[in-house]
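Work through these exercises with the sequence and the model side by side. Try each task before you read its solution.

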Amino acid sequence: MIQSTLPVAIFSNHNSSITMKGGTDVSFAPSMDYVKKVLFPIYKLFGVRCDTLINQRGFYPKGRGEVELTVNPVTEYLKPIEIINFGDQPAIKGFVFISGPKHQHNKHTQIVQDLVTAVKNKLNLSGYHKITIETEVGDSDGAGGSLVLVADTGTCLIGSSALYDMRRSTINSLTDEACDKLLLDLEVKSCIDPNALDNIIIFMALANGKSKVKCREITLHTKTAIYIAEQFTEAKFSIRKMEDGLNEIICEGIGLKTV
């Protein structure tokens, strides 16, 4: 819902406060911690000013989550961006959240602690030692959670995430899923992760000027976002393979102006 609402709200002539209900940490969608810690800081480069307050987490199948999205309109135009320089050895921040029935609180606290240890050990083995991890254990009717990792190189934010499913997830499976995705991007010095990339295509299309982004993988989601953006706007995208094996996406934005 945030993905569809935000491009409209930023071009309003007033501040917006929108209450959204449903799943906050569910399959086939970015978790709320990923949205807040990865997407929103990247959106800010365009001049998008927004934030969320998570009033209640929601998990499949019950949902029942509630999030308040606040949005300030852009000042005239969205700014074009360039995310093409990888930067320095990254500092990595982690965010672990698990919630469930109150009688399982101690069990979930132990799972969170074990996850922190496992993530740090795996990243240490790959040569990354600047690691801080925040944790949260909550009480709720449904059970769920997420692990989000964010690598900050000084010029780029590269994120990854994995959902906690009480029926199937293990410490190793959750750790491997989140860490392996992050390490893939860090190894080749990608400047943005594949999930964040498809979420910024619309803003590249609407920005006032040329945007450039350098990435490891162009997913079907990204290709679809580019196709739709070109159909609905006059923005033009091009993709070229770089000598280092990465892809550079260039967009001539249309410079949509606020009302």
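**Exercise 1. Place serine 190 and decide: buried or exposed?**

Solution. Start with the location. Serine 190 sits in the loop between α4 and α5 (194-206). Helices (H or I, at least four residues) and strands (E, at least two) are DSSP runs, numbered from the N terminus. Next, take the accessibility. Serine 190 has a relative accessible area of 0%, so it is buried. The scale is this: buried means under 20% relative accessible area, exposed over 50%, partly exposed in between (1.4 Å probe, protein chains only). Last, list the neighbours. Leaving out residues up to four places away in sequence, serine 190 touches Phe86, Ile158, Asp185, Lys214, Cys215, Arg216 and Leu246. Contact means heavy atoms within 4.5 Å.

Two notes on the source. This is a predicted model with residues numbered from 1 along each chain as its sequence is written, and side-chain values use heavy atoms, without hydrogens and water. Local features need pLDDT of at least 70, and side-chain atom pairs count only at pLDDT 80 or more, while totals for chains, interfaces and linings use all residues.

**Exercise 2. How many disulfides are there?**

Solution. Apply the rule: a disulfide is a pair of cysteine sulfur atoms within 2.5 Å. Now test cysteine 156. Its closest cysteine sulfur, in cysteine 191, is 3.8 Å away, so the gap is too far for a bond. Cysteine 191 is in no disulfide either. The count is 0 disulfides. Check the surroundings too. Cysteine 156 is buried at 3% relative accessibility, and cysteine 191 is buried at 1%.

**Exercise 3. Describe how α3 and α4 pack.**

Solution. Two packed helices are described by the angle between their axes and the distance between the axes. Helix α3 covers residues 105-125 and helix α4 covers residues 171-187. Their axes come within 9 Å and cross at roughly 40°. Axes are lines fitted to C-alpha atoms, for helices over the stretch in contact, and angles run from 0 to 180 degrees between N-to-C directions. The pair is therefore oblique. Angles under 35 degrees count as roughly parallel, over 145 as roughly antiparallel, 65 to 115 as roughly perpendicular and the rest as oblique.

Now find the contact residues. From α3 they include Leu115 and Lys122; from α4 they include Leu174 and Asp180. Sort the contact residues by class: 9 nonpolar, 1 polar and 4 charged. Ala, Val, Leu, Ile, Met, Phe, Trp, Tyr, Cys and Pro count as nonpolar, Asp, Glu, Lys and Arg as charged, and the others, Gly among them, as polar.

**Exercise 4. Do the same for α2 and α5.**

Solution. Helix α2 spans residues 32-46. It packs with α5 at an angle of about 35°, the axes 11 Å apart. Among the residues in contact are Tyr34 and Phe46 of α2, and Asn195 and Phe203 of α5. The classes here are 10 nonpolar, 2 polar and no charged residues.

**Exercise 5. Which peptide bond is cis, and where do phenylalanine 28 and glutamate 76 lie?**

Solution. Begin with the background: most residues other than glycine have a negative phi, and most peptide bonds are trans. A cis bond joins tyrosine 60 and proline 61, with omega about 5°. Phenylalanine 28 has a positive phi, near 65°. Its place is the loop between β1 (16-22) and α2. Phenylalanine 28 is exposed, at 90% relative accessibility. Glutamate 76 also has a positive phi, about 70°. Glutamate 76 lies in the loop between β3 and β4 (82-83).
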